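Colleague: I would like to go through this model with you. Could you show it first?

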Amino acid sequence: MTNEEITKLALDNGFKLKPQQDGKNALNSYVFLFARAIIDASTKEILEEHPLPALADNERVELNDFIKQGLL
């Protein structure tokens, strides 16, 4: 998830932009750290409940691919 996506979700849910050292208004950096900590914890929980199949060394599968296919 990008910082832009996190910002949109945060603003949509009541977070406010704050003045930053560079003079711009933005979310404080800890908001992004917190959002990524939640994403990581949720991903870990999902993968514990629904392990991904073994992949060959040259294969790469994103968790979103499984969600889009309705496998999770």
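Modeller: Here are some questions and answers on the fold, a helix, a pocket and a loop residue.

Modeller: This is a predicted model, where local features need pLDDT of at least 70, side-chain atom pairs count only at pLDDT 80 or more, and totals for chains, interfaces and linings use all residues. Residues are numbered from 1 along each chain as its sequence is written, and side-chain values use heavy atoms, with hydrogens and water left out.

Colleague: Which pattern does the chain follow along the sequence?

Modeller: The chain has three helices and two strands. These are DSSP runs numbered from the N terminus: helices are H or I with at least four residues, strands E with at least two. Read along the sequence, the pattern is α-β-β-α-α.

Colleague: How many residues does α2 have, and what does it reach from its first C-alpha to its last?

Modeller: Helix α2 runs over residues 29-49, which is 21 residues. The expected span is 1.5 Å times one less than the number of residues, here 30 Å. From first C-alpha to last, α2 comes close to that, at 31 Å.

Colleague: Why do the buried residues of α2 lie on the same side?

Modeller: Buried means under 20% relative accessible area, exposed over 50%, and partly exposed in between (1.4 Å probe, protein chains only). The buried residues of α2 are Val-31, Phe-32 and Ala-35. They sit on the same side of α2 because they cover an arc, taken from the directions from the helix axis to the C-beta atoms, of only 95°.

Colleague: What helps to cover those buried residues of α2?

Modeller: Contact means heavy atoms within 4.5 Å. On the other side of α2, exposed residues include Tyr-30, Phe-34 and Lys-44. The cover over the buried residues includes α1 (3-12).

Colleague: Which element gives the largest share of the lining of the largest pocket?

Modeller: A pocket is an open set of points on a 1 Å grid over the protein atoms alone, where a 1.4 Å probe fits, with protein on both sides within 12 Å along at least five of seven lines; lining residues have an atom within 4 Å of a point. Among the lining residues are Met-1, Phe-15, Val-31 and Ile-39. Two or more residues come from each of α1 and α2. The largest share, five residues, is from α2.

Colleague: Is Phe-15 buried or partly exposed?

Modeller: Phe-15 lies in the loop between α1 and β1 (18-19). Beyond its neighbours within four places in sequence, Phe-15 contacts Ala-10, Leu-27 and Val-31. Its relative accessibility is 39%, so Phe-15 counts as partly exposed.
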